[in-house]
Amino acid sequence: PETDNILRVQPMFRAQRTGPRLSMGIGYAPDLRYSVEGTVSDNVEHRLDAFANYELIRNYLTLNETATGRHVLIDSQDSAGFESVSNPDAFTQEFSYRIWPTIRFPVTGFGMDDQLATVQFEPGVSLTTGGISSEGVEDFERRGTISRLEITSGPYFTRIPWRISYRNDIFDVDTDDSWGRVDGTLGFQFNPHFRLDMTFGYDSLEVGDGDDEDGVRWRATFNWIPTNRTSLRFGFGEAFFGNDWVLGLSHRHKRFVITASYDLNVQDAATELAGVSVIPFDDAFGNPAPPILEQDLDVFAPTPILIDDIYFHKRFRTSVSWSEGRMTSSVELRHDVRDYREGNFDTVDTYLDWRVGRRIATRLSGDVRLLYWDHREHDTDRPDFEQYGLELGFDYRFARSISAGLSYRFTERSSTDPERDFDEGRLLLRLNLTL
């Protein structure tokens with residue numbers, strides 16, 4: 001076994017502004033690490049989350065930008081805990097940037113008083129870079145384009161709303177890997193709370209090896225909104241890649257929030273990472289997020305393998321957040337199935353994050369956190385594994401801007417390849433200063 005003392009300095013800046021024509025936010029948290037014994041390399045990790053939406057022409061033209069940066073696991077098979085402290089070589093620095101305008105205009109005429117439809121067009125570009133890929137290739141980079149066109153019915157069609165949409169994602173302009181979809185949706189509004197949507201369309205997938213796929217799709221979707229705090233969306237259908245299901249559930253209460261979702265997307269590692277938040281700006285209840293401690297940024301959800309491949313991504317999410325008096329609790333469950341097209345294999349990840357906190361006294365609080373990650377691969381010779389994590393911690397606030405904490409985290413991985421088993425215990429003493 002190896003032991004080490006690591007000094008970490010992690011400043012964090014976060015700001016957000018919302019106005020009539022401008023909405024923006026930025027969060028940045030560099031992580032500077034120094035190993036006293038030298039068992040791991042000293043390094044600096046960058047975490048960035050930024051967005052901006054500026055309305056250049058009122059009601060007609062908006063410019064949108066997003067940028068994210070984080071340390072991501074290169075390959076899930078690498079021996080690593082739930083973050084990169086003990087094995088930074090298993091991770092790489094990743095940055096994603098996307099910019100696109102939103103152009104919209106109404107369609108009127110034909111002697112009708114009500115607006116017939118709204119046309120919205122969003123052409124954009126994206127760039128994702130990383131230090132290294134899972135094949136050991138330096139400078140992992142994907143440059144893509146994103147195009148969206150949508151025509152949505154106006155108030156004249158309140159009873160029978162409709163929508164025509166087109167999307168085209170070019171994942172990498174160097175390989176022309178792309179995903180396209182065109183469809184039309186016709187709905188029927190039974191009452192203010194219930195609507196049925198029928199969608200018919202055509203999908204096309206083009207990959208670098210020439211093994212293209214395409215076909216028609218259909219889906220029936222039921223939308224139920226009984227109150228302004230509760231919504232349910234459930235749909236089923238067929239496409240060339242199999243069943244086309246969708247689920248969306250949200251219920252908000254002053255003390256708890258419940259969400260659940262399931263969808264299927266065609267993605268690559270770059271597009272998936274670009275859509276994942278790094279530093280949250282709001283909590284589960286929609287309020288401004290509280291100050292973030294380093295242990296919140298450390299824990300990561302399983303990320304895709306960094307390879308140049310497209311995959312069908314079946315994604316399920318459910319979470320429950322609860323707060324009452326001195327107690328808080330949250331649990332999140334994720335299940336991801338990634339079916340890689342060129343590699344002809346798939347990965348299955350199940351991830352659980354459960355946390356319970358309590359304010360023990362006016363200045364003293366404690367929390368318990370349980371983490372679980374199950375990773376499976378099909379049609380490969382690579383091993384499967386299960387990984388557990390348990391963390392106990394206390395935090396004491398000396399003043400409004402100064403607090404100190406003590407926590408212990410234990411992590412263990414059990415793999416079908418015994419050489420990839422590991423366990424780790426970590427004692428963390430921290431000092432937090434808020435300016």
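This report walks through a predicted model, from its strand pairings to its cores, its cavities and three single residues.

## Strands near the start of the chain

Let's begin with the small open sheet. Three strands make up this sheet in the order 1-4-5, and their pairing is antiparallel. The edge places go to strand 1 (6-9) and strand 5 (43-45); each has a single partner strand, so one side of each is left without a neighbour in the sheet. On average, neighbouring strands of this sheet are turned by 20 degrees against each other, direction ignored.

Four bridges hold the antiparallel pair of strand 1 and strand 4 (residues 31-35). Within this pair, L7 has Y34 of strand 4 as its bridge partner.

Strand 2 (residues 13-18) and strand 3 (residues 22-28) also run antiparallel, joined by six bridges. Three residues lie between these two strands, and together the strands form a hairpin. If you would like a landmark in this hairpin, look for A15, whose bridge partner in strand 3 is I26.

## Two hairpins that share strand 12

Further along the chain, strand 12 is a good place to stop. Here are its two pairings, side by side.

| Strand pair | Sense | Bridges | Residues between the strands |
|---|---|---|---|
| Strand 11 (residues 162-172) and strand 12 (residues 177-191) | antiparallel | 10 | four |
| Strand 12 and strand 13 (residues 194-206) | antiparallel | 13 | two |

V182 is a handy residue for following both pairings. On the strand 11 side, Y166 stands opposite V182 of strand 12. On the strand 13 side, the bridge partner of V182 is Y202. The turn of the first hairpin has a backbone detail to look at: D176, in the hairpin of strand 11 and strand 12, takes a positive phi near 65 degrees.

As background for viewing any of these strands, side chains in a regular strand alternate between the two faces of the sheet.

## Nonpolar cores

Which residues form the largest nonpolar core? There are 10 of them: F171, W179, L205, V207, A239, F241, L264, V266, I310 and F312. Strand 18 (256-268) and strand 19 (310-324) each supply at least two residues of this core.

F241 is a useful member to centre your view on. Leaving out residues up to four places away in sequence, F241 touches W179, R181, D203, L264 and F312. A second, separate core has eight residues, among them L73, A90, L371 and F385.

## Cavities

A probe the size of a water molecule, rolled over the atoms, shows where empty space is left. In this model the count comes to four cavities of 30 Å³ or more. The largest cavity holds about 50 Å³ of space.

What lines the largest cavity? Its lining consists of T66, A67, T68, S96, Y97, R98, S126, L127, T128 and A274. Two or more lining residues come from each of strand 7 (61-73), strand 8 (91-109) and strand 9 (112-132).

## Three residues to look at

P288 sits in the loop between helix 1 (269-274) and helix 2 (294-298). Is P288 buried or exposed? Its relative accessibility is 66%, so P288 counts as exposed, the cut-off being over 50%. Apart from neighbours within four places in sequence, P288 is in contact with F281, D282 and D283. P288 also gives a link back to the start of the chain: Q16 is 272 residues away in sequence, while the two C-alpha atoms are 9.3 Å apart in space.

G215 belongs to strand 14 (residues 213-227). With a relative accessibility of 13%, G215 counts as buried because this value is under 20%. G215 is in contact with G201, Y202, D203 and F240, again leaving aside neighbours within four places in sequence. From G215 to S204 the C-alpha distance is 6.8 Å, and the two residues are 11 apart in sequence.

S321 lies in strand 19, which also supplies at least two residues of the largest core. S321 has 15% relative accessibility and so counts as buried. Once neighbours within four places in sequence are set aside, S321 is in contact with R255, F256, V257, A284, F285, S329 and S330.

Note on methods
Residues numbered from 1 in each chain as written. Predicted model: local features only at pLDDT ≥ 70, side-chain atom pairs only at ≥ 80, totals over all residues. Heavy atoms only, no water. Pairing = 2+ DSSP bridges. Axes fitted to C-alpha atoms, helices over the stretch in contact; angles between N-to-C directions. Core = buried A, V, L, I, M, F, W, Y, C linked by side-chain atoms within 4.5 Å. Buried < 20%, exposed > 50% of the residue type's maximum accessible area, 1.4 Å probe, protein only. Contact = heavy atoms within 4.5 Å. 1 Å grid on protein atoms, 1.4 Å probe; cavity = no way out; pocket = protein on both sides within 12 Å on 5 of 7 lines; lining within 4 Å. Points joined across faces, edges and corners; volume = space filled by probe spheres on them.
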